[in-house]
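User: I'd like a close look at one part of this model, namely the empty space inside and what surrounds it.

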Amino acid sequence: MKVAEYMSRVPGYAAFPSVDAVQSELEEIAAAHPDLVRRRRIGASRLGEPLHALTIGDGPADAVIIAGPHPNEPVGALTVLTLIRLLCQDPASLGFRWHIVACADPDGARLNEGWYATPGDRRAYAEHFYRPDLADQVEWTFPLVSGDYRFDRPLPETAALMRLMDEVRPSLVCSLHNGEYQGAFFYLNRRDAVLAERLAGLPGVEGLPLHHGEPELPGAEPIAPAVFLTPDGAQVGPTFGAGGSSADYAARFGALHLVTEVPSWADERVADQSAAGRTHREVAAEGAVAGRELIETLQAGMRAVAGDLTVRSPFRRSTESTLETFRKLAELEEEALPELDRPATVAEEFSHRQTLHLLRLRLLGVFLRMLDAELAAGNLTPAIRQQRHLFAERFDQWYGQAETDGPGPPIEPRRMVAVQLGAILTAAARLTERVAS
């Protein structure tokens, strides 16, 4: 399979498409290729939005591709649209029957559409940002049993993905994600060193750096540079009151599961493994103190308005739950850091600083949207108006600090799509190789 050739055929994109635009394009593709493409409803979102899967190809094995499992990560929608167009041109060349969900959380995606038209605008991203807490995420609400812990409350969107996998019993499942400042990285649910090495080589084709800073999940085990073994749901769910991931459910079918993470901003420091001139202990301690200050600042803001809140908005639920999640995550990070007295790398130091900027803007952006929902409903209490003013000033302060320590220029969507597409095709080719051998 000529993966690099397919990557080179990805067109340019000026913006991320809205939920309606994605669905409209899928309808057009299905209507234009009735003998090749089948589009069917697999469920509905929490707000009643229809969820569809598009099936194309006639290979001997089945692949499930999940785009938009997190609503602030829209690159996957462009990736699957690109994949579908390639398949329509040559459905037999990619060797699978493909089942594609182009937007797994349409309700949440609609709450992010305020920044979709301006990829790379960090302020617009933060001001229009929304992300549910772990226990409200499509990706992390698959059934899970771990010792005495049991999670059996899959979201309607998650249940739709479960039904799809139960129906087709996939050999390959890909969950498409994108991040902010960090380099590209991947998760695999098996120790396939050959595949891991190939994946690690893909970002460089598009000039994207690999992520060599702190791992996203504390203690994540590397297989190759920027390729990690997928953590078992039992390591995550019980701690945060969530379920398993799509990788846990894919394991029921013996499927290869791949998570692709591509960055939105480029910066060579994410891959710089030279010494930063400080110890890992110093860098980690500084990050831990700043993280605690962030959580305490927002908790104080929540206490100031708690008695006046009347609107059960998604922003309120996200703020209340996510603060507790990040408090627990900070504790795990402190427990998981080994060799604290060794020299820190530039990548690790940069990762800690950018994580702080990221969390400040994301959490405060959602907090302000929570207050705006109250004001829009006519709830103009002094506490809400005062906190809205104070935290708007804090947002400007934190945004200015983030810009001063900016993570480099934004990455054009085409390059992010090309890496995700390449990862999907590389995983598919590897499976085909293993079957043939």
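How do the residues of the lining of the second largest cavity divide into nonpolar, polar and charged?

Analyst: Quick ground rules: this is a predicted model, where local features need pLDDT of at least 70, side-chain atom pairs count only at pLDDT 80 or more, and totals for chains, interfaces and linings use all residues. Residues are numbered from 1 along each chain as its sequence is written, and side-chain values use heavy atoms, with hydrogens and water left out.

The split is seven nonpolar, six polar and one charged (Ala, Val, Leu, Ile, Met, Phe, Trp, Tyr, Cys and Pro count as nonpolar, Asp, Glu, Lys and Arg as charged, the others, Gly among them, as polar). A cavity here is a set of points on a 1 Å grid over the protein atoms alone where a 1.4 Å probe fits but cannot get out, and lining residues have an atom within 4 Å of a point. Points are joined across faces, edges and corners, and the volume is the space filled by probe spheres set on them.

This second largest cavity comes to about 80 Å³. Among its 14 lining residues, Trp115, Pro119, Gly120, Ser264 and Trp265 lie nearest its centre.

For context, the structure holds four cavities of 30 Å³ or more. The largest has a volume of about 110 Å³. It is lined by 14 residues too, with Pro74, Ala77, Cys103, Ala109 and Tyr116 the closest to its centre. That lining breaks down into eleven nonpolar, two polar and one charged.

Notes. 1 Å grid on protein atoms, 1.4 Å probe; cavity = no way out; pocket = protein on both sides within 12 Å on 5 of 7 lines; lining within 4 Å.
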